[in-house]
Amino acid sequence: MPAERKPGLDNPYFDWSPIATRPKLTWPGNARVALFLVLSVEHWQWKLPPEGYKSPELPGGVSGAGRPFPDVITYSMREYGHRVGIFRLMKLLDKYGFKATVAIDSSIAGNYPYLINECKKRGYEFIAHGVAVNQMVSAKMSESEEREHLKTSIDTVAKATGSKPLGWLGAEYGESERTNAILAEMGIKYNLDWPNDDQPYAMKAPKGEMYSLPLSMDLDDTFNHWYKRVHYDIYTQMIKDSFDVLYREGEKSGRVLGINLHPWLSGQPFRYKLLDEALGYIAGREGVWSATGSEIMEWHKKQTKR
């Protein structure tokens with residue numbers, strides 16, 4: 001039997017909103033572009049629990065399919081991020097005075113207080129990012145399992161940082177059909193799993209409120225360097241070109257340049273050097289607002305509700 005068709009999109013999470021028809025969006029100081037930098041700080045679990053689900057294409061290691069337990073090389077590559085890489089990236093953001101939003105899973109949040117303090121000293125915002133990178137939310141979970149997973153993630157970040165997280169980024173952007181509604185019910189205000197826009201927009205939720213913030217999948221470092229094997233000098237130019245186009249369009253209505261960086265990957269010395277070039281290019285322009293996810297969401301809400 002053919003599926004029931006209704007006017008509009010075939011999902012219940014948001015309305016279609018062509019960007020050309022929207023009212024002008026302005027940012028603080030009449031900035032053209034909101035620079036939204038996300039640092040994804042993730043733990044690769046030494047041993048995946050029986051109920052865990054790992055994306056079959058999860059980046060890291062020397063074998064796409066993974067190696068027999070213990071997969072030491074993947075564990076070590078990933079751990080480089082929170083032993084070395086993150087300090088390099090924080091130093092780089094310090095250099096340009098850029099803010100970060102830290103997507104942190106509960107395994108890191110609950111066990112690395114030194115990292116939490118270093119991020120807090122810089123005024124970074126923390127958002128929930130699941131339990132571990134090799135436990136992706138999916139429809140394979142029952143509702144009770146998913147609720148427990150999300151609650152553990154949110155509560156652990158709240159306890160470790162002293163503030164309840166307002167944002168969410170799923171491990172490997174994983175969701176079930178229930179995820180958005182459950183997150184809104186649990187007090188999450190914005191979601192980064194939907195890379196389908198250059199401006200924030202309101203999502204639908206039975207309880208609570210939810211916004212989607214732009215986080216470009218095409219500029220995600222793991223998507224480029226691991227999946228697409230893009231050379232880093234090309235990636236650097238991609239960031240510059242993306243910024244140039246958004247900056248030009250932002251003269252008429254504000255845009256968001258959202259970049260997701262993983263310290264285990266972009267914190268490597270040779271990548272760091274070229275990322276420095278890209279961020280320096282952006283820092284050299286007037287009309288850029290470096291902001292956290294909550295700051296962008298709240299500013300957008302004021303604009304759209306007036």
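## Asn 30

Asn 30 counts as exposed because its relative accessibility is 66%, above the 50% cut-off for that class. This residue of the predicted model is found in the segment before S1. Asn 30 is not a glycine, yet its phi is positive, at about 55°.

Most residues other than glycine have a negative phi, and most peptide bonds are trans. Asn 30 departs from the first part of that rule, with its positive phi.

## Arg 229

A positive phi of about 55° is also given for Arg 229, again a residue that is not a glycine. Arg 229 sits in the loop that lies between helix H6 (221-227) and helix H7 (232-249). With 59% relative accessibility, Arg 229 counts as exposed.

## The Phe 69 to Pro 70 bond

The peptide bond that runs from Phe 69 to Pro 70 is cis, and its omega is near 0°. Pro 70 belongs to the loop between S1 and H1.

## Helix H1: span and bend

Helix H1 covers residues 72-96, which is 25 residues. From its first C-alpha to its last, H1 reaches 36 Å, close to the 36 Å expected at 1.5 Å a residue. H1 nevertheless bends by about 50°, and the bend is at Gly 85.

After H1 comes Gly 97. The phi of Gly 97 is positive, near 70°.

## Helix H1: buried residues and packing

Gly 85, where H1 bends, is one of the buried residues of the helix. Also buried in H1 are Thr 74, Arg 78, Glu 79, Gly 81 and His 82. The list of buried residues continues with Ile 86, Leu 89, Met 90, Leu 92 and Leu 93. Charged side chains are thus represented by Arg 78 and Glu 79.

What do the buried residues of H1 pack against? One partner is a strand, S1 (33-41). The others are helices: H2 (106-109), H3 (113-121), H8 (263-266) and H9 (269-283).

## Ser 106 in helix H2

Helix H2, one of the elements that the buried residues of H1 pack against, contains Ser 106. Is Ser 106 buried or exposed? Ser 106 counts as buried because its relative accessibility is 7%, and the cut-off for buried is under 20%.

Neighbours within four places in sequence aside, Ser 106 is in contact with Gly 130 and Val 131. Thr 152, Ser 153 and Thr 156 are in contact with Ser 106 as well.

Key: Residues numbered from 1 in each chain as written. Predicted model: local features only at pLDDT ≥ 70, side-chain atom pairs only at ≥ 80, totals over all residues. Heavy atoms only, no water. Helix = DSSP H or I, 4+ residues; strand = E, 2+ residues; numbered from the N terminus. Expected span 1.5 Å × (residues − 1). Bend = angle between axes of the 7 residues up to and from the residue. Buried < 20%, exposed > 50% of the residue type's maximum accessible area, 1.4 Å probe, protein only. Contact = heavy atoms within 4.5 Å.
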